[in-house]
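Reader: I should like a close look at one residue and the loop that holds it. Once that is done, please go on to the helix packing, the backbone and the pocket, in one connected account.

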Amino acid sequence: MNLHEYQAKNLFKKYGIPTTKGKLLTHSSQLDDILDTLGEENLVIKAQIHAGGRGKAGGVVLTKNKKEAKEVTNRLLGSRLVTYQTSKEGQPVNSLYIEKPCEFDKQLYLAFLVDRSSQRITIMTSSEGGVEIEEVAKNDPKKIKKNKINPVVGIMPYQCREIAFDLGLDDHQVKQMIPLLQNMYKMFLENDLSLIEVNPLVITKQGDLVCLDGKIQVDNSALFRHKKLNEIRDETQEDARELQAEKMQLNYVSLDGNIGCMVNGAGLAMATMDLIKTYGGEPANFLDVGGSTNEQRVIEAFRIILSDKKVNGILINIFGGIVRCDVIANGIIAAVEKMNMNIPLVVRLEGTNAKEGLELIRNSGLNIKEEQDLDKATKKIIELTKGN
């Protein structure tokens, strides 16, 4: 689960991490009160969406006076902002964060993340803040430093000092960096976070460290432990199909293609999408119905796939291990009968009761193509969806 910038900064403040002060605006009628508090001149108005690249897309604007502040507020609030990290439709802007600009001498990059290869929380830093870290990694990877934290002893003061020295901080800033990193690590653990990204972490004109931006991701699997974080979840920033899938315990990710995929097992789902791409098709989604799926979940999976208007064909690839292929077949038949599907559907079944499952589909009288060979099934759905 992602947090908005203002939510991340509220969490920073709770843990004593230096950040900027601002006001949240959810309705244009609140602007006058905010201007009375912050002043009318020289404000930064930031669109609150779950995506990076807001500045380049016009979602972060410096205003000089009240007139400009009102114009920007009316333009952004209620719009959809398109950045390099969003879809073509963009993300809805339902709130704005307004703050005073911060004058700084230098921009740094700081992140806490989970390094799966070492199975440790890792601190990633760079002296090149304020730009996409991907660009730094591409153009000058030596400027990115990584420090892994031993989970037994936690973050050590010497690590904090080494990070500060690598960033070229002076003695005053080193003394600020140590508690900043220690508090951020504590925040990471206590809230079951999977990512904290501060870009930029700035050195102000006064020589102090301030988190000018904040991006936080919470581990979805741990949300049951964090009622307050769950309450501030902004579902308007999430794909409606992905939300519905989550409620049905289905793993679904929307993509840009036209061939819907329904598969059991994440690895098999990835392989299925790769095969579609290999043979010249474009998958419309990743959908893993799980290893212990049932008829009702298959029906719900169909509903989610078909809610995507780009889908003009569906490939079902099931390997029966724990799950029985005849149970899946009954779910497919029930779904097709209920939804009056008029797009091509190719089913590949293999494993437990695959023969019985394919026989059920064959005798259903429905317009469903069955295959036991995955390559043939993939080529068939691509052929059937071309030109449709």
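Author: In this predicted model, Gly52 is in contact with Thr83, Tyr84 and Gln85, when residues up to four places away in sequence are not counted. Gly52 itself sits in the loop between β3 (43-47) and β4 (60-63). A distance to a residue further along the chain helps to place this loop: Gly52 and Asn367 are separated by 315 residues in sequence, and their C-alpha atoms are 44 Å apart in space.

The helices on either side of this loop in the sequence may be considered next. Helix α2 (residues 31-38) packs with helix α3 (residues 66-76) at an angle of about 140°, and their axes are 11 Å apart. These two helices are therefore oblique to each other, and α2 passes α3 in a right-handed crossing. On the α2 side the contact is made by Leu31, Asp32 and Leu35, and on the α3 side by Lys66, Ala69, Lys70 and Thr73. The residues of this contact comprise 3 nonpolar, 1 polar and 3 charged.

Further along the chain, helix α11 takes part in two packing contacts, one with α10 and one with α12. Helix α10 (residues 295-306) packs with α11 at an angle of about 45°, with 8 Å between the axes. The pair α10 and α11 is therefore oblique, and the crossing is right-handed. From α10 come Glu295, Val298, Ile299, Phe302, Arg303 and Leu306, while α11 contributes Val327, Ile328, Asn330, Gly331, Ile332, Ala334, Ala335, Lys338 and Met339. By class, the contact of α10 with α11 has 10 nonpolar, 2 polar and 3 charged residues.

For the other partner, the axes of α11 (residues 325-339) and α12 (residues 354-362) come within 7 Å and cross at roughly 20°. Because angles under 35 degrees count as roughly parallel, α11 is roughly parallel to α12. The crossing of α11 and α12 is right-handed. Here Cys325, Asp326, Ala329, Asn330, Ile332 and Ile333 of α11 meet Ala354, Glu356, Gly357, Leu360 and Ile361 of α12. The contact of α11 with α12 divides into 7 nonpolar, 2 polar and 2 charged residues. Asn330 and Ile332 of α11 are thus listed in the contact with α10 and also in the contact with α12.

Two features of the backbone deserve separate attention. Most residues other than glycine have a negative phi, and most peptide bonds are trans. Gln119, however, has a positive phi, near 60°, and is located in the loop between β8 (104-115) and β9 (120-126). The bond that joins Asn199 and Pro200 is a cis peptide bond, with omega about 15°. Pro200 belongs to strand β11 (residues 193-204).

There remains the second largest pocket, which holds about 180 Å³ of space. Its lining consists of Leu3, Gln7, Asn10, Leu11, Lys14, Asn191, Lys228, Leu229 and Ile232. Two or more of these residues come from each of α1 (5-14) and α7 (227-231). Helix α1 gives the most to the lining, with 4 residues. In terms of class, 4 of the lining residues are nonpolar, 3 are polar and 2 are charged.

Notes:
Residues are numbered from 1 along each chain as its sequence is written. This is a predicted model: local features need pLDDT of at least 70, side-chain atom pairs count only at pLDDT 80 or more; totals for chains, interfaces and linings use all residues. Side-chain values use heavy atoms; hydrogens and water are left out. Axes are lines fitted to C-alpha atoms, for helices over the stretch in contact, and angles run from 0 to 180 degrees between N-to-C directions. Angles under 35 degrees count as roughly parallel, over 145 as roughly antiparallel, 65 to 115 as roughly perpendicular and the rest as oblique. A crossing is left-handed if the near helix is turned anticlockwise from the far one by less than a right angle, and right-handed if clockwise. Contact means heavy atoms within 4.5 Å. Ala, Val, Leu, Ile, Met, Phe, Trp, Tyr, Cys and Pro count as nonpolar, Asp, Glu, Lys and Arg as charged, and the others, Gly among them, as polar. On a 1 Å grid over the protein atoms alone, a cavity is a set of points where a 1.4 Å probe fits but cannot get out, and a pocket is an open set with protein on both sides within 12 Å along at least five of seven lines; lining residues have an atom within 4 Å of a point. Grid points are joined across faces, edges and corners, and a volume is the space filled by probe spheres set on the points.
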